[in-house]
Amino acid sequence: MKKIITVFIFLSVGYVFGQDNYRIKNLDVNTKYSDFGVSYYGGDAIYASSKPKQNKSKKHWTNGQPYLDLFRGTIDGTGEIIDSEPFSNKIDTKYHESNAVFTKDLRTVYFTRNNYFQDHYGKDTLGWNNLKMFRADVSDSGEWTNITPMPFNDDNYSVGHPALSPDEHTLYFTSDMPGSMGATDIFKSEIFSDGSYGAPVNLGSQVNTVGKEMFPYVSEKNNLYFSSDSRGGQGGLDVYVVPLNNKSAEPVNLGSPINSPKDDFCFIIDNNKKSGYFSSNRAGGHGDDDIYYFDELKAPKSAVCSQVIAGVVRDKSNGALLPGALVSLYKGGEKLESVIVGADAAFKFDNMDCATTYRVTGDKELYAGAEETVNTTEEADLELSLSLGLNPNQTQIAQETEIDRCQYALDNINTIYFDLDKYYIRPDAAIELEKIVKTMKRCPNIKIIAGSHTDSRASHAYNDRLSQNRAQSTMDYLVSRGIDAGRITPKGYGETQLLNRCSDGVKCSEGEHQVNRRTEFVIVRK
């Protein structure tokens, strides 16, 4: 049967946006105080506000406003946040709480708070109270429990503004911890399955500068939005975006009307609805920081387009994965990258240009090379298949190679022996037969002969029947362990194939006779 290698290729796109693609509006939820930092909570919005609360009468010395707290409101059909109320009294302290982000199941939250925990007000060596980031569980009623400081918090620097990657395996945040490039940088930390966290990693010069980089947000398309005051923007903090899967891409300023001469920050987008929120203290607002809603008016022009080409290599004839295959990517006559796929037969090429022609090839020993042309576009989720077939003269070689490999495995299994005049499977034989089962499952295309033998004692007719019974017992055991009976031929040879001198009339020890009471396995070669 002719075999085919199939390489399935998936192209995913990351966009960097141009300017003048948005319609914005200031929301009615804003007050004369500071209102900012929307995050999604199901169909609701969570945001921070310093509007007065009964237990927040204490005011911050920098702006004379009450300390921030988190509020919850419903998002209506126009993007307004209505029916706003305090979110959770369980986390409410007399100091700042802001910038919360939730897992998709709404069961976990990360949020920012002043360095205040369990009635302890922490200060650095200069007497300053910095920000810290916390994690909490969220109950069905919305109450926050098990509030825990993040392990990389420290009294001597700030950590805050959490954001999650789409797969929720990476936590992004802002900090001025040691290792920062500027006033504040954006870092990331891996979230492990056991609930622990990796060491913070600075995102480097692709994102961070000598100034302030703050308020990260990662969209479902894996684009990082953040604010910076040191990239030559319109003034103050401007919002930028960069695809995380393209390490060479330059962040692009979102332009007007998202950015202004003042501070613009806390940008989030719902890619499905093509709408979102950002915050700004620009002129014309209700008060200090205000929340703005935006619609994306048109598909923005891509300034930088980055695609990921990924897939899995399979044998088309049976769907089996083909680890060890070589997959190569070419642009023109230049080989850009090659990968030998591992046990999962998966490959991935990052940072491919859009509107570009590539060639993808797949090769494996004894298979003829083939190639497919890939014309990348700016459309996401483009699926392509590449098939590689064996040359006709290689098919038989490949089949013979598989048979030889399987026969070698069978030959390295210990011989199965029987007691005198018996054909039941001994415990030691069962151990070896389990190895036969595993080999046949690894080699699903082979058929075998189970050849059984006797010693020379008793008549030829008796030994013919005894050896056939031994072969049948061997087959029955393999079938009971899930091997198809059609793959096994039981054959008794009686005493016709002795392995030593112990033929009729020759005096031998019991150990010498035992050598001949056996079953052997041979692959049927067509």
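In the predicted model, S165 is in contact with T170, Y172 and V218, when neighbours within four places in sequence are left aside. S165 belongs to the loop that connects β13 (159–164) with β14 (170–175). The relative accessible area of S165 is 6%, and because this value is under the 20% limit, the residue is classed as buried. A polar atom of the S165 side chain lies 3.3 Å from the backbone nitrogen of H169. With respect to L244, which is 79 residues away along the chain, the C-alpha atom of S165 is at a separation of 10.0 Å.

A second region of the model comprises strands β8, β11 and β12. Strand β8 (residues 108–114) runs antiparallel to β11 (residues 131–138), and the two are joined by 7 bridges. Within this pairing, A136 of β11 stands opposite V109. Strand β11 is also joined to β12 (residues 144–149), again in an antiparallel arrangement, by 4 bridges. Here F134 has P149 in β12 as its bridge partner. Strand β11 thus has bridges to β8 and to β12.

The connection between β11 and β12 is a hairpin, with 5 residues between the two strands. G142 is located in the turn of this hairpin and has a positive phi of about 90°. In a regular strand, side chains point alternately to one face of the sheet and the other.

Definitions and conventions. Residues are numbered from 1 along each chain as its sequence is written. This is a predicted model: local features need pLDDT of at least 70, side-chain atom pairs count only at pLDDT 80 or more; totals for chains, interfaces and linings use all residues. Side-chain values use heavy atoms; hydrogens and water are left out. Buried means under 20% relative accessible area, exposed over 50%, partly exposed in between (1.4 Å probe, protein chains only). Contact means heavy atoms within 4.5 Å. A polar contact is a pair of N or O atoms within 3.5 Å; within protein, one must be able to donate a hydrogen and the other to accept it, and residues adjacent in sequence count only if both atoms are side-chain atoms. Two strands pair if DSSP finds at least two bridges between them.
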